[in-house]
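Biologist: Before I plan anything at the bench, could you take me through this model by question and answer? Please go on once the structure is in front of us.

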Amino acid sequence: MRPLVISLLLLSLLVPIPRMYAQEACGDAPTPRVDVGATAYVTFTDGTPLNIRSAPGTSAERIDQLPEGSSFTVGDGPTCADGYYWWRIDYGDGKQGWVAEGDAEEYFIAPGTPMGSDGAIDLDGFKDAADNGLCPDVSSRFSEGDFVELVPGVTFTYSNYSGGIDEIGSNEWFHFFHGPICVSGAILWEAEGAYYGVIPEFLNGVYLLEPFEFVPAEPVALGITADAPVITEPVLPVPTVIPDERLVASEFAGLWTFTGAPDPLLIEMPDTYSGDFPSLPVNLDEVRFVADAGLSDAQLRALAQNGFVVVPGDASYFDDAYFEGWDHAEGKADFITTDAVLDTLYQLYENTLKYLEMDQLYGQVSGIVASSLVSARQQWEAVAGTMLEEPARRAVIYYAVAALALEQGASDYTGSYPPLTSIGEALASLDSDTRAESEAVYAMIAAEEGSGKVPILTDYTEDFSQYKPRSYYPSTEALSSYFRAMMWLGRITFRTKDRIDTQTGLLTVRALAQSGAYDRWATLDETLAWLVGPVDDLSPDDALPLMRSIYGDDLPLGAMADDTLTDQVIAGLLALPGPKINSIELPVGIKEDELDAFSRGIRVFGQRFTFDGYVMQNLIYPAVGERQKSRALPMVEDVAAVLGSDLAFVVTDAAGATDFLHYTENLDELRQEVNTITAEAWQETLYGAWLSALQPLLVRDDALYPPLMQTDAWKYKDINTFAGSYTQLKHATLLYAEQPYGGLGGGGWLPPVTSYSVVEPNPLVFARIAIAAHSLVSGLEARGYFENAQLLSAVRFSATDIESLAAVLADLAVRELRGEPFTSEEYYNLQEHFAQRLSAIRMILQEAIVDPPERMALIADIASNPSAKQILYTAVGNVDTLWVVTNSPYGLQLTRGFVYSSYQFTGDIQSRLTDDDWRARVEAGDLPPRPSWSSTYLVP
């Protein structure tokens, strides 16, 4: 690359060549360098001004003094006196006098002009310039690649691109990448860093540069006093969770694809903590940069007490937050949080689902529905006039409703998956009456509100507010129509409690089996089982083998009309495991032992079982409470408590959960169940792998972690991190994960390191993020989803970056626990590249999204209670700022990181909030209160 032409206000390199003097040597005086008529200036002295005398010699009268940098003209000389060469100078307004040129150790004056005078260096020819040999007796003290700075007291001024003047002093580095050469007595280098261009190392007998050694500002005494941190060990009436902390990968993980990153499966936790986080409370007078954070006295007291504090922030994304306002060049370092890296896992996971749906799943589901609709219509025609005619007609309407939903987005779908039969062709084959009946049902879906009876089922009430596209689905018409269709296919249940409903369900399964699309259905079902979880209800995969064993392999319609055989099928369905999560509206006063009989049935694309949904179902009515005192909705803290957080149980207890019948007993059993879940079991689904990554936030051995992580404040902060990431998990899977329903019983070269960043010392979280990211790509590859799928290329690329980043952070975090130092390269990468990598991951994953959101704020409704007309929301808003006191080679320092802001509140079931609704509230500051426990670490 051609060097720039930069006008420097540095010094003139066109200095005259000193003449050779024939006189005798003058004691130890250095060889004269200036000449009569030349311009010169005062260079370095012992800190006092240069004396001007009335005549040559130290005994002559001192008539004036010139400070360092002063210019003058040489009028006569040199004259040797008292071991010095003396020159008569003219120094302005007709003033004259004599000055000594230098002694045995240094020159006092130099030819040329001082820093700050005009001069120009043309860099165009710099690399081709030859050393002209005019640097006698001096040589460079540096090599290419060295980092240097100006010696103390020297400033460097240059003209910038705007025509102004910029100034550089010490504590700012230059990197030598070409040189040195000597031109007219000056040793020159081409440098970059604080300035890009040519800079002199040696000029006029003076070395101007020295090796770079950064020194940050000293701490400021603030006089803040603080109490000791609060550390409690609550005694609970439930068992302790002892998680399986082994690191394993799913069956698809295979070999790690990234290079240069440590294998996260090999992370080994230490036996005890040996790191250097400070003891508590902290004396802030010994901590650098605290005065620069702009914290209030209350925030400072919390910082001193706990070693950290969180303050409300306004950043829209984690990468934006890390980019702004905390200058590494001043020595200020970052605290790399689990929150920021968990956010990348969310982006990867949700955009994988989105791109799969946009590119392939919409087409796959459309083909299945269209083919099954044609098959169902043929089936209906075949049983006209028999007892199966009505259930067969209902099966047609069932598929037609899904087809009508998909038809709305057909023109918007540009993906690569070819349907066997088009939606338009399938709908065109319907008679007008059936089409009208189907459109009447679809109108209830399109209204997106209220509960209503589904006419093709017996006494079946559906919550049509669930069909309002939420999460990322409103972004395109294809995704919105896919959402409505899959919600219908996933929620509508052909219950075994009613014979005609059961027959309708069996004929629906038969139509799918006879359509030629069953293999595609099975492929999609298996993919969703891996991405989210297995179907929680009876599915075609359960019903079809049973039907074939009883009716015959070809499923003859005559056999299906036989009540005796159908009773055998029903008995077989009742013998299979029932749903663990109820998502059907419950009648008033239903009891827990009646729930299975009421809700058991067949769903074509049943919603997915997730462990957290199962937890919530078992901690609300009818599992908890009584008709007169029922627990209508769960809390996010229920899930945190079951996964191991004792303080989360304290929160649910304080909220009154333990006042409800069976709450404590059920939570006891759920914790025991958690203790049986192996590391391999968590990895069976990507959803489970994400939950597994969150568990070390909630339960861990305090002896392995630094003092601040043992405080109640940090543990509550970790519950907030759990809640924020959990919100993103529920947002990503809002369509697929079964939502628990309760009922009321009535309701290159490396620049120098200037800052020493720290990684949150929770290595298991980072390691499991790496494992989940890698498993996602391996699973997609094993299933062939990358073939001819342009949108998913961003997923492959970003997943590799996430797994590499998280694996490195896991390794650094465990080394922090052991007290092992980082290398300069590792510090540099944290200093310079962490924010860039977060930003690159987000930008790549959003590249196929039209108008990506301007802020990360999002909302998910995670539980519903139609009887009480309420839903439970969990949400994240702007990014909050985390301040943490850590150690460094400079001593104690204040580091800055970022965490989720999490919210939890109830709302009206008839008006489910979308992301746009929530983001408008965040923008306007119209926010619900934070959880009460957030006051332990969050100080406004």
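Modeller: Please keep in mind throughout that this is a predicted model. Let us begin with the largest pocket.

Biologist: How much space lies in the largest pocket, and which residues are the closest to its centre?

Modeller: The space in the largest pocket comes to about 750 Å³. Its lining is made up of 31 residues, which divide by class into 13 nonpolar, eight polar and ten charged. The residues closest to the centre of this pocket are S475, D851, P852, P853 and R919.

Biologist: Which helix gives the most to the lining of the largest pocket?

Modeller: At least two lining residues come from each of α3 (338-382) and α25 (915-924). The most are given by one helix, with seven residues, and that helix is α3.

Biologist: How are helices α8 and α12 oriented where they pack?

Modeller: Helix α8 (residues 499-514) packs with helix α12 (residues 563-575) at an angle of about 85°, and their axes lie 11 Å apart. Angles of 65 to 115 degrees count as roughly perpendicular, so α8 is, with respect to α12, roughly perpendicular.

Biologist: Which residues make that contact, and how do they divide by class?

Modeller: From α8 the contact draws on R499, T502, Q503 and L506, while α12 brings D563, T566, D567, V569 and I570. By class, the contact of α8 with α12 has three nonpolar, three polar and three charged residues.

Biologist: How many aromatic pairs are found in the whole structure, and what kind of pair do F147 and W173 form?

Modeller: The whole structure holds 37 aromatic pairs. In the pair of F147 and W173, the ring centres are 5.6 Å apart and the planes stand at 80°, so this pair is edge-to-face. The pair links distant parts of the chain, 26 residues apart, with F147 in strand β8 (residues 147-150) and W173 in the loop between β10 (165-168) and β11 (174-183). To return to the kind of pair asked for, F147 and W173 are edge-to-face.

Biologist: Which residues do ring pairs link into a cluster?

Modeller: Ring pairs join several aromatic residues into a cluster. Its members are F212, F214, Y756, F822, Y827 and Y890.

Biologist: Where is the peptide bond cis, and what is omega there?

Modeller: Most peptide bonds are trans. One cis bond leads to P78, which lies in strand β4 (residues 71-81), and another leads to P281, in the loop between β15 (209-211) and α1 (297-306). Omega is near 0° from G77 to P78, and from L280 to P281 omega is near -10°.

Conventions:
Residues are numbered from 1 along each chain as its sequence is written. This is a predicted model: local features need pLDDT of at least 70, side-chain atom pairs count only at pLDDT 80 or more; totals for chains, interfaces and linings use all residues. Side-chain values use heavy atoms; hydrogens and water are left out. Axes are lines fitted to C-alpha atoms, for helices over the stretch in contact, and angles run from 0 to 180 degrees between N-to-C directions. Helices (H or I, at least four residues) and strands (E, at least two) are DSSP runs, numbered from the N terminus. Angles under 35 degrees count as roughly parallel, over 145 as roughly antiparallel, 65 to 115 as roughly perpendicular and the rest as oblique. Contact means heavy atoms within 4.5 Å. Ala, Val, Leu, Ile, Met, Phe, Trp, Tyr, Cys and Pro count as nonpolar, Asp, Glu, Lys and Arg as charged, and the others, Gly among them, as polar. On a 1 Å grid over the protein atoms alone, a cavity is a set of points where a 1.4 Å probe fits but cannot get out, and a pocket is an open set with protein on both sides within 12 Å along at least five of seven lines; lining residues have an atom within 4 Å of a point. Grid points are joined across faces, edges and corners, and a volume is the space filled by probe spheres set on the points. Rings of Phe, Tyr and Trp (its six-membered ring) pair if their centres lie within 6.5 Å; planes under 30 degrees apart count as stacked, over 60 as edge-to-face and the rest as tilted.
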